[in-house]
Amino acid sequence: MESLATFDIDLKNLKEDVTLFRFKLDDDFFKSIHGTEVENGKLEAVLKVTKAGSEFALDFQADGDVTVTCDRCLEPMQQPVSTTGRLTARFGTEYAEDGDAVVVPFETGSLNVAWHFYEFIALSIPVRHVHADGECNAEMLDNLRKWMVEDGQRQTQTDPRWKDLEKLKTIIKD
């Protein structure tokens, strides 16, 4: 597994200017993060840090593909991702986050941006993940159609034991 220490940005020693950091976010990155939304992927990521006095503007950008589970057939699928995000950071006595602002302890002077990259990526993934037409697992789609309900009626035959329970429902209503 990848060490997330490579994502430590030493803010204290940055020059008063713009500094670029480039990262490759691959399967090892996602396994190290232990996130639940994305477990695999391959992205190119850039972090632009602009230092102005004791304030920092961190601009995140990540482009590539992640692997998510198809909501229809439950098979893995590739989802293209292109995301940007911004955080501001400043020094303080202890670490704190408030929305898109981060306070970094002056003693350590560094900020690990791995989780921030992960959050921007996870938030950019559409809520619904579905393969393109014809790419879903055909066997799973057949099983799904077998159990789908149309107009309140199941397409397959109902277990005869349920008929007696249906009778009870009508008796109880009366």
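Contact here means heavy atoms within 4.5 Å. I keep that beside me while I browse this model, which is a predicted one.

**Entry 1: the core**

I began with the largest nonpolar core, which has 41 residues. Leu11, Leu25, Leu58 and Phe117 are the members that touch the most other members. I then looked up where the core residues come from. Strands S2 (18-25), S3 (40-52), S4 (55-69), S5 (76-92) and S7 (101-105) each supply at least two, and helices H1 (27-33) and H2 (114-124) do so as well.

What does Leu25 touch, once residues up to four places away in sequence are not counted? I found Phe7, Phe30 and Phe117 on the list, together with Gly41, Lys42, Leu43, Ala45 and Ile121.

**Entry 2: aromatic rings**

Next I turned to the rings, and my count came to 10 aromatic pairs. I picked Phe7 and Phe29 for a closer look: their centres are 5.2 Å apart and their planes make an angle of 50°, a tilted pair. Phe7 belongs to the segment before strand S1 (8-10) and Phe29 to helix H1, so I noted a link between distant parts of the chain, 22 residues apart. Are these two rings buried or exposed? Phe7 and Phe29 are both buried.

I also followed the rings outward into one aromatic cluster, formed by Phe7, Phe23, Phe29, Phe30, Phe60, Trp115, Phe117, Tyr118 and Phe120. Two of my earlier acquaintances turn up again here: Phe7 and Phe30 are in the cluster, and both are touched by Leu25.

One more ring caught my eye, that of Phe106. Lys12 lies over its face, 4.9 Å from the ring centre.

**Entry 3: salt bridges**

Side chains of opposite charge can pair when their charged atoms come close. I counted 5 salt bridges and wrote up some of them.

Lys24 and Glu44 meet through their side chains, with 3.0 Å from N to O. Because Lys24 is in strand S2 and Glu44 in strand S3, this pair ties together parts that are 20 residues apart in sequence. I checked how open each partner is: Lys24 is exposed at 55% relative accessible area, while Glu44 is partly exposed at 43%.

Arg86 and Asp59 form another salt bridge, at 2.6 Å from N to O. This one links distant parts of the chain too, with Arg86 in strand S5 and Asp59 in strand S4, 27 residues apart. Arg86 counts as partly exposed, at 46% relative accessibility.

For a local example I chose Lys169 and Glu166, whose side chains meet at 3.9 Å, N to O. Both sit in helix H4 (residues 161-173), 3 residues apart, which is about one turn of the helix. Lys169 is partly exposed at 47%, and Glu166 is partly exposed at 45%.

**Entry 4: cysteines**

How many disulfides does a search of the whole structure find? My search gave 0. I wanted to know why Cys73 and Cys136 are not joined, and the cut-off helps: a disulfide needs sulfur atoms within 2.5 Å. The closest cysteine sulfur to that of Cys73 is in Cys136, 3.8 Å away, so the two are too far apart for a bond. Cys136 has its own closest cysteine sulfur in Cys70, at 3.7 Å, and that is also too far for a bond.

Last, I looked up their burial. Cys73 counts as buried at 1% relative accessibility, and Cys136 counts as buried at 10%.

Methods. Residues are numbered from 1 along each chain as its sequence is written. This is a predicted model: local features need pLDDT of at least 70, side-chain atom pairs count only at pLDDT 80 or more; totals for chains, interfaces and linings use all residues. Side-chain values use heavy atoms; hydrogens and water are left out. A nonpolar core is a set of buried Ala, Val, Leu, Ile, Met, Phe, Trp, Tyr and Cys residues joined through side-chain atoms within 4.5 Å. Buried means under 20% relative accessible area, exposed over 50%, partly exposed in between (1.4 Å probe, protein chains only). Helices (H or I, at least four residues) and strands (E, at least two) are DSSP runs, numbered from the N terminus. Rings of Phe, Tyr and Trp (its six-membered ring) pair if their centres lie within 6.5 Å; planes under 30 degrees apart count as stacked, over 60 as edge-to-face and the rest as tilted. A charge sits over a ring if NZ of Lys or CZ of Arg is within 6 Å of the ring centre and within 35 degrees of the ring normal. A salt bridge is a side-chain nitrogen of Lys or Arg within 4 Å of a carboxyl oxygen of Asp or Glu.
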